[in-house]
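Me: I should like a close look at a single part of this structure, namely the metal site. Please describe it in one connected account.

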Amino acid sequence: GWKLKQAREASFSKDAQLQAIFYAMRDAVIATSPDRKIQYVNPAVEAIFGYSPSELIGQSAAVFYTRIEDYEKNGSRYNINAKGDSEPYEMSYRRKDGSTFTGEARGAAVRDPGGKVRGFMVTVRDITQRKELRDRLFLEKEKWFVTLGSIGDAVIVTDLGTRVEYLNSIAESLTGWTLDEAIGKPVKEVFDILNEKTRMPVECPVEKSLLSGTIVGLANHTVLRCRSGKEYAIEDSAAPIRSRNGKVIGCVVVFRDVTQKRNLLLQVTHQANHDALTNLPNRYLFQDRLVQMFIQARRLSQAVALIYLDIDHFKKINDSAGHPFGDLVLKEAGRRIRSVVRESDTVARLGGDEFAIVAIGDLASPDHAAHLAQKILDVMAQPFPVEDLELRLTASMGVAIFPDDGDDATTLIRNADIALYQAKEKGRNNIQFFSPIMNLTLQERTALENHLHEALERKEFELLYQPVVDLKKGSIVGVEALVRWHHPKRGLVPPDKFIPLAEDNGLILPLGEWVLETACLQARKWGELGFPALRVAVNVSTRQLTRGDFPGLVERCLKATGLAPDCLELELTESVLLQKSAKVGDAMSALRILGVRISIDDFGTGYSSLGYLTRFHVNTLKIDGTFVQGIKTHPGNTAVIKAILALGHAMSMDIIAEGVETLDQVRFLKNQRCHLLQGYLLSQPVTAQEIPGILANDFLTPPGILSGL
Ligand code: C2E
Ligand code: MG
Ligand code: MG
């Protein structure tokens, strides 16, 4: 009896526990008999299906189903699959009010100890909401994939470890990887990008973006290398993907093929820089290349030959044979010139029948430059076939060499143009060099050189002096000594023509010595005549400073003549001070100790490095005449002048404007607080004897040249 009671109580408490569980559950619990009549329902059934328990007990479970077939199938499910719990399954159910919902159900057969089926137990959970959410999510995802598949941009998605998770179809075709192949691969392997110019790999934007957590754009000129080896110019950006709590969980790269766009850009820039007819560089690109070549030539200590070429009587061809034929001739001319110069040289069409050739190399030697020019002349002389006639063309050419004939583009172009003009004057079909020495044959040059050697002994050199006027005082404060050569046969040879030659063969050393001695002696003489403060400026070649003992020479001259050191100003060019030679450095300090003044000649034409101004002690800057002459006409020149003045004033240097030719220029310079002037307007270079007469001039009071200011 006791045992029975205990068993009953135990079963009672178990029942009570089960009861409590069923009551607490939010899922519907339905127990049926083997013939599927409802025997028990928990309260959740009413909440989910809308039936009260009394309405259900004894009813067929079919009442819950939307479709009777489902009910029948389910019955067989329990019967056949009678092992135990069923897998959860989804089912459409009907509520009392006729509405339906999706439920997730689990069923189990209830067996007695003998294994006989005594009924079924089913739990049903309303998953309408969950299903809707899931469907929506699926739809959303589908929508994204469809979108990503149909947009024109390529998309790659990676996880936090930069492994590929997704590629859209454009990304597949640009990278050459299919989604299946790419999944799980490091993105670097799939998205193989490099710099178009350097061919070096480009830093992967995915890593950068993941690290920084920000959107990262690609550098310009990036190309994507497809698996097939084909390359695409691309633009892209990578953005981090964040989870809802803001943590970076991956990265998405969006990129597009801009090959076409870039080609278009290249094409447009090509068109802007090339002549449409001949496809040669036009004037703009030519000037650009010219400057580039200067830089290269300086670095390599080489020369640049600028050749201006003009087809002789082209107008006649155009008029008689017609423009279409003229166009053909120009095209062919361009092609021919191109064929005889090096790949690295530039052939440009400047307009009309004018071409320019820029060549770099060992061209400072006249023979080489002449050889190149002759080759061009020869190829132009080949007959141009026209229908059944043969047209013969000739050309005129002018050559200027950097740096000898000009070390900036403007000067060199001008000088090549002058030389071309001379070639035409000489009856066309010939080559003229800007530097007359270059026009000489080798024999003639040797003769001139031999002559130069004797010229010193024969006393064929003379010094002229050009006054420097101080605008404030209206009088002369100094003179510049300028050497002249009175050649017995050629007459007066200007220094531009023989100084380079003398520098080349070393004669500049004795010549420079003679110039310095003569100028110092002359200055002392003027001192004795009552002009002790007159400063004399002497031009010094680079070679004088780098060879021999220049400071020693200066010291001897000062001693011998008794000239005050600060009455002597040495004009150096920027190039010598830019040389990083110890010899130059030592010479500069020795000169400073002697107390002579240093000026920089032709300032602004050459180099842009100004460090030497602080390294060496420079007293004076001489603004090159080409800048002064460009006042008014070339806004750039006035800007350069203003900059030089600002620099000079700031460093307490004297500034002399050279090559002053007009009152307008004087007015401008005066306004800019530049008051030391030198130029033809004030005085040409004159002989020593003429100087005392000019010294008495007052330039400011009538009839002074500057009195009209
Ligand atoms: P530089 O030292 O720049 O001399 C100024 C040049 O400009 C001189 O040419 C002078 O005659 C010229 N000039 C003066 N005023 C005007 C003007 O208003 N308009 C124009 N267009 N030009 C003007 P020059 O005498 O033919 O000398 C040319 C260059 O030869 C000098 O340029 C200098 O670099 C060099 N040179 C002259 N004498 C010597 C010398 O004794 N030794 C060395 N190493 N070089 C010298
Ligand atoms: Mg000078
Ligand atoms: Mg000068």
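Reply: The following account takes up the metal site, ion by ion, and then turns to two helix contacts elsewhere in the chain.

The model is a predicted one, and the distances and angles given here are computed from it.

The magnesium ion (ligand 2) is held by four donors, namely Glu480 (OE), Asn539 (OD1), Glu571 (OE) and Asp601 (OD), at 2.0 to 2.2 Å. Along the sequence these donor residues follow the spacing E-x58-N-x31-E-x29-D. The site links distant parts of the chain: Glu480 belongs to strand E21 (residues 475-487) and Glu571 to strand E24 (residues 568-573), and the pair is 91 residues apart. Both Glu480 and Glu571 are buried.

The magnesium ion (ligand 3) is coordinated at 2.1 to 2.5 Å by Asp601 (OD), Asp602 (OD) and Glu658, with Glu658 (OE) listed twice. The donor residues of the magnesium ion (ligand 3) are spaced D-D-x55-E in sequence.

Asp601 connects the two sites: this residue bridges the magnesium ion (ligand 2) and the magnesium ion (ligand 3), and the ions lie 4.1 Å apart. With a relative accessibility of 9%, Asp601 counts as buried, because the cut-off for that class is under 20%. Asp602 has a relative accessible area of 29% and is therefore partly exposed, a class that runs between 20% and 50%.

Two helix contacts may be set beside this description. Helix H21 (residues 550-561) and helix H23 (residues 582-594) have axes that come within 9 Å and cross at roughly 20 degrees. The two helices are therefore roughly parallel to each other, since angles under 35 degrees count as such. H21 passes H23 in a right-handed crossing. On the H21 side the contact involves Phe550, Pro551, Val554 and Glu555, which meet Ala587, Ala590, Leu591 and Leu594 of H23. Seven of these contact residues are nonpolar, none is polar and one is charged.

Helix H11 (residues 283-300) and helix H15 (residues 409-425) pack with their axes 10 Å apart, at an angle of about 110 degrees. H11 and H15 are therefore roughly perpendicular to each other, and their crossing is right-handed. H11 contributes Phe286, Gln287, Leu290, Val291 and Phe294 to the contact, while H15 contributes Ala409, Leu412 and Ile413. By class, this contact of H11 with H15 comprises seven nonpolar residues, one polar residue and no charged residues.

Definitions and conventions: Residues are numbered from 1 along each chain as its sequence is written. Chains are lettered from A and ligands numbered from 1 in the order in which they are written. This is a predicted model: local features need pLDDT of at least 70, side-chain atom pairs count only at pLDDT 80 or more; totals for chains, interfaces and linings use all residues. Side-chain values use heavy atoms; hydrogens and water are left out. Axes are lines fitted to C-alpha atoms, for helices over the stretch in contact, and angles run from 0 to 180 degrees between N-to-C directions. Helices (H or I, at least four residues) and strands (E, at least two) are DSSP runs, numbered from the N terminus. Angles under 35 degrees count as roughly parallel, over 145 as roughly antiparallel, 65 to 115 as roughly perpendicular and the rest as oblique. A crossing is left-handed if the near helix is turned anticlockwise from the far one by less than a right angle, and right-handed if clockwise. Contact means heavy atoms within 4.5 Å. Ala, Val, Leu, Ile, Met, Phe, Trp, Tyr, Cys and Pro count as nonpolar, Asp, Glu, Lys and Arg as charged, and the others, Gly among them, as polar. Donors are N, O and S atoms within 2.8 Å of the metal (3.2 Å for Na, K and Ca); water is not among the atoms, so sites may look incomplete. Buried means under 20% relative accessible area, exposed over 50%, partly exposed in between (1.4 Å probe, protein chains only).
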